[in-house]
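Dear colleague,

Here is the structure for you to look through, with its sequence. My notes on the rings, the nonpolar cores and the sheet follow below.

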Amino acid sequence: MATPLLAQQNQSSTVNAIVKEATENSQLKRMAHELIDGIGPRLVGSTKMLQASDWAINQYKEWGIDARRENYGTWRGWDRGISSIDMVSPWIKSLEGTQLAFSPATKKPKTGETIILADVADSIAFKAWLPQVKGKFVLISMPQLTGRPDYNWQEFAQKESFDAMKKEREAQTEAWRKRISKTGLTNAKLALALEEAGAVGIVSSTWSNGFGVNKIFAAFTKKIPTVSVALEDYGLLYRLTESGNQPKIKVNTQSKELGTVPTFNTHAEIKGTEKPNEYVMLSAHLDSWDGATGATDNGTGTLVMLEAMRILKKVYPNPKRTILVGHWGSEEQGLNGSRAFVEDHPEIVANLQALFNQDNGTGRVVNLGGSGFAKAKDYLSKWLAAAPDTIKNRVKTNFPGTPGGGGSDFASFVAAGAAGFNLSSLSWSYGMYTWHTNRDTYDKIVFDDVKSNAILTAIMVYMACEEPEKISTEKADLPAGQKWPSQVKSKRTEGTN
């Protein structure tokens, strides 16, 4: 048995080797280009998601790490195709926009006038108005009062101008909310009602409150295309329609339906030598929305886990516990991949030493909480202390913290009483500019921060593997009114049209 001094020397040597390998032989830029630029977005059910899984498995095999894909269900298969949206009257302009995920194709380009979703008295009046949409593209989103973010107003506007704008915007937003409410329909049912009434397409615009950014999610229509148009062009269409100029647009969307396809997680494993049936896990979802290339949600988290595994295999090839990574599928549809894993592998969940998850953008890790476990401070603080000062001194800890309720995949494990922890990152304007937007691209990656996160993850995994005893998962007493989150079943299927 190693003496405490020798153990400390070995620990220091391994940590130094992790930092050296990450610094001198980083594979992050190469992998980012191959994954983010070369493969692109990774929508659940798409061939791109399968390509990304194959690519990750090949990376691991090249490093001598066992890797596999594990199916857990099925989903609607859909591949994005060419999108073009052009205003052809009253003048010619190519519009910035794209079809939403899972939107039906046009088969051939469709041309039609635009019409604004009517402001009616109630659901009866809405039904009476519906026939007017036949043969037209329906504008269903509120036009933004300004395309300037609030921070731009804050910097340059007179206070009274800024205050007046905000007051007008609040009134406009409330009026639009009532407009939708008076139809008597949810957003999904509204889209279907317009479709059944003969609309040729739906035009939306969900601004992300920054210059040039829209949120890009999924379509609700089954037969006609739903497209998202940038704030500036959507406002143009809306104003022209409202003033009676009868704009016409031409929409061409060439997506492909793939039927029912498997959904899966991608795993890699370095087998433990002393306690092979106890596990330390790395965690990041591989899937993304597909309005851009999913660089920071969650390409960067994926890269962190790949790089940490590569480093650990090189400098710590014989871990005491088994190191397992989960590259989850269908996180964006409700943590489906990680929830399925928790359901399907109770033996791993019961013997989980710790799981480290990263999911909220390119920034360096600055927050680490105890996820509501009473003794979390005893071990997380010790493991974090092994990291270099330049990394650990940036991290604010919160013990015992609160259990994650569902924001990312670590919550699937916490709900089952397993020690899942989120490595929470500095913002870099993530919520506004890259989270689920059309601007989540390679150029938004801050590689120094991603490298720091790979080092931290590798060190935390190493320390958790070396911990002599299995850690405590005793739950802390939560504040009044809070409850430990319940385990939620994975959604394992999504029907095709």
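Rings of Phe, Tyr and Trp (for Trp the six-membered ring) are taken to pair if their centres lie within 6.5 Å, and a pair counts as stacked with planes under 30 degrees apart, as edge-to-face over 60 and as tilted for the rest. By that rule, ring pairs link Phe 356, Phe 373, Tyr 379, Trp 383, Phe 421 and Trp 484 into a cluster.

Please bear in mind that this is a predicted model, in which local features need pLDDT of at least 70 and side-chain atom pairs count only at pLDDT 80 or more, while totals for chains, interfaces and linings use all residues. Residues are numbered from 1 along each chain as its sequence is written, and side-chain values use heavy atoms, with hydrogens and water left out.

The structure holds 20 aromatic pairs. In one of them, the ring centres of Tyr 316 and Tyr 462 are 4.8 Å apart and the planes stand at 90°, so the pair is edge-to-face. Tyr 316 lies in the loop between helix H9 (295–315) and strand E12 (321–328), whereas Tyr 462 belongs to helix H16 (residues 447–466), so the pair ties together parts that are 146 residues apart in sequence; helices (H or I, at least four residues) and strands (E, at least two) are DSSP runs numbered from the N terminus. Both Tyr 316 and Tyr 462 are buried, meaning under 20% relative accessible area with a 1.4 Å probe and protein chains only, where over 50% is exposed and anything in between partly exposed.

As for the cores, the largest nonpolar one has 84 residues, and those with the most contacts inside it are Phe 356, Trp 383 and Phe 413; such a core is a set of buried Ala, Val, Leu, Ile, Met, Phe, Trp, Tyr and Cys residues joined through side-chain atoms within 4.5 Å. Its largest share, 12 residues, comes from H16. A second, separate core of 36 residues includes Leu 95, Met 142, Val 203 and Ile 249.

Turning to the sheet, 8 strands form an open sheet of mixed pairing in the order E3-E2-E9-E5-E6-E7-E8-E4, where two strands pair if DSSP finds at least two bridges between them. Strand E3 (93–95) and strand E4 (97–99) stand at the edges with a single partner strand each, so one side of each is left without a neighbour in the sheet. Strands E2 (residues 83–89) and E9 (residues 248–253) pair in the antiparallel sense over 6 bridges, and Ser 89 stands opposite Lys 248 in E9.

With best regards
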